[in-house]
Amino acid sequence: MVVPESQEKMYYPPVELQRNAHVPDFNSYLVMYKKSLENPEAFWREVADEFFWKKPATGPMLQHNFDMTKGNIFVNCMEGAKTNMCYNVLDRHVKEGKLGEKVAYYWEGNSPDHHMTITYRQLLSHVCRCANVLKQMGVKRGDRVSIYLPMIPELIVTMLACARIGAVHSIVVRKVTFNHPMPRDKGQDKVLCVYGVYRGEKLINLKQISDEALEKCREKLLLVMGLSPWNMIPRKSCPMSCHIQKHARPRLSQSERDVWWDEVMRDSPDECEPEWMDAEDPLFILYTSGSTGKPKGVVHTVAGYLLYTSLTFRYVFDHHPDDVYWCTADIGWITGHSYITYGPLANGATSVLFEGLPVHPHVGRFWEIIEKYKVTKFYTAPTAIRLAEHQILGTVGEPINPEAWRWYHEVVGQGRCPVVDTFWQTETGGHVLTPLPAATPLKPGSATFPFFGVEPAILNEHGEELEGVTEGYLVFRKPWPGIMRTIYKNQELFENTYFRKFPGFYVTGDGCRRDKDGYYWITGRIDDMLNVSGHLMSTAEVEAALMLHQSVSEAAVVSRPHKVKGECLYCFVTLKDSKEFNCKLVEDLKRLVREKIGPIATPDFIQNAPALPKTRSGKIMRRILRQIARNEKDLGDLSTLADPKVVEVLFNQRSEAAA
């Protein structure tokens with residue numbers, strides 16, 4: 001593998017950031033990391049001591065089996081303990097920490113005219129009211145509740161209300177074109193949604209989508225119509241507005257099933273005793289993005305998820321009480337669960353909650369919000385636009401390529417903000433490979449080092465552990481508290497997916513390389529490794545080479561069968577505005593790849609891609625690109641695709657791919 005010299009430049013933490021940091025330097029990180037591996041019992045018990053436990057743990061902090069040859073796969077955290085997630089992220093601050101009047105969220109609506117401030121005390125009151133409403137409707141401990149809401153405060157309220165009464169929430173990601181969004185698993189108990197939501201100027205009828213989905217379910221479900229009491233300003237033609245006349249409601253709803261948020265919340269008591277949950281009781285089910293297949297219902301549990309999201313949020317973003325933090329993800333993805341809801345609230349943080357789009361009503365919306373609320377910590381996808389002042393920049397979704405990393409650091413962060421390039425998955429619950437902003441010298445494009453309690457390894461195809469400078473399968477040797485526990489109603493699939501290939505290890509499905517300094521570099525899904533004439537290479541390194549061309553804004557590379565070479569490279573490139581896709585550009589790109597990597601990596605096909613198929617969390621759906629490259633039109637489950645029209649465009653342009 002050839003690595004451009006510029007990738008190896010180190011970017012050191014600013015001295016002013018180190019003065020008050022939780023982990024102030026690399027030596028401190030090493031000491032803490034060593035303790036987390038050699039004495040995990042003491043390490044995680046110190047973290048647990050910050051929280052409230054109705055009953056303390058009677059067993060070890062962590063127990064597990066990752067080896068299928070030795071029995072069923074399991075992870076247990078704090079066996080015997082009882083607690084409540086909602087109590088720990090709200091009551092603990094309001095009743096014990098005296099943070100009741102602190103701002104929990106600055107909510108910024110789709111329109112700049114729609115905004116409000118929510119304190120911890122107000123949030124707790126609304127959560128208790130909602131919890132009582134759910135209980136009146138028959139929701140009880142262990143029931144599943146689907147939530148189909150936009151990025152409004154009610155979404156967080158209903159999540160926490162479920163956690164308070166011991167119900168298991170399952171958030172459905174909003175789709176403009178996905179007509180039947182409810183999870184395919186049976187047994188759903190209640191569904192909460194709104195009539196509609198604006199995305200920019202487009203009104204999306206969530207109520208109609210939900211009704212169509214519910215008609216396909218055999219179970220009798222209750223739809224709770226969410227109207228936002230914090231979103232009172234009427235919008236033109238917007239059925240979400242609380243100013244809908246009551247006489248119009250029967251025409252909009254199915255009265256025997258649907259109820260209205262404002263009506264049931266109005267008289268609901270604002271006190272609700274928490275349900276004290278076992279440490280390993282499920283907290284939520286979240287369906288993976290499906291970037292490599294049909295979505296799977298990942299199950300996370302109460303105690304371990306609380307410990308891990310709290311600690312990763314505090315250390316990865318170096319959170320302090322006076323920070324204003326903003327994560328731009330949708331709460332329907334794991335990033336929103338961990339780093340908009342549970343992680344920040346567990347730390348008593350003040351966050352921005354944003355309903356709209358970064359380009360509506362103008363392209364400066366992001367930096368306008370950052371300036372308005374004086375955001376100091378900003379967490380977004382690598383494709384983020386230019387921003388105003390802040391102290392730490394975080395990226396999530398796709399691995400950020402080195403050129404984008406440098407632009408993010410030098411242009412967006414003005415050369416003074418650490419870029420925290422985090423690697424993790426829905427399944428991991430929180431960051432597993434990540435820099436710490438004041439401690440880790442950074443290399444553009446590298447996820448750097450493991451978080452506390454995380455022990456990575458790199459294996460070859462035969463399951464042999466590789467030492468030193470190497471590349472292979474990224475796996476983890478032991479669990480951390482926040483790792484997934486199972487796939488909902490499918491333990492067999494859980495074990496086969498993550499543990500069968502290499503007994504004794506959790507298999508991420510990602511490739512990874514380790515450089516001479518011990519830094520880890522994610523090379524992409526293992527499915528995206530190619531074997532060209534006996535040479536194993538990563539599609540990520542080819543993509544990085546293509547991105548060095550001044551005309552290319554984005555690139556994705558997949559394999560295509562080849563009669564002679566076994567596999568060849570099929571490249572999709574998205575060009576910058578006003579740039580033309582032509583034969584000269586194709587030759588320039590091929591030459592660039594040869595120069596940076598070698599002749600064996602020369603692409604066989606390069607196709608113009610006006611856009612790439614992505615999930616709303618920013619992941620490129622490479623399995624779809626592989627099928628386009630092979631002209632396979634049976635694409636399977638596209639339920640989590642952000643814009644399905646992209647697929648049709650790419651199929652239509654496939655014949656124009658230059659070989």
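Search the whole structure and you find one cavity of 30 Å³ or more. A cavity here is a set of points on a 1 Å grid over the protein atoms alone where a 1.4 Å probe fits but cannot get out. This is a predicted model, where local features need pLDDT of at least 70, side-chain atom pairs count only at pLDDT 80 or more, and totals for chains, interfaces and linings use all residues. Residues are numbered from 1 along each chain as its sequence is written, and side-chain values use heavy atoms, with hydrogens and water left out.

**The cavity**
- The largest cavity has a volume of about 40 Å³, taken as the space filled by probe spheres set on the points, which are joined across faces, edges and corners.
- Its lining residues (an atom within 4 Å of a point) include Asn84, Met85, Met277 and Val302.
- By class, that lining has seven nonpolar, two polar and no charged residues; Gly counts as polar, while Ala, Val, Leu, Met and Pro are among the nonpolar ones.

**The sheet**
- Three strands (DSSP runs of E, at least two residues, numbered from the N terminus) form an open sheet in the order 28-29-30, with mixed pairing.
- Strand 28 (552–562) and strand 30 (605–608) are at the edges with a single partner strand each, so one side of each lacks a neighbour in the sheet.
- Strand 29 (residues 566–575) pairs with strand 30 in the parallel sense over four bridges; pairing takes at least two DSSP bridges.
- Val573 has Asn608 in strand 30 as its bridge partner.

**A helix on the sheet**
- Helix 16 (residues 583–596; helices are H or I runs of at least four residues) packs on the sheet, touching strand 28, strand 29 and strand 30, with contact meaning heavy atoms within 4.5 Å.

Definitions and conventions:
1 Å grid on protein atoms, 1.4 Å probe; cavity = no way out; pocket = protein on both sides within 12 Å on 5 of 7 lines; lining within 4 Å. Axes fitted to C-alpha atoms, helices over the stretch in contact; angles between N-to-C directions.
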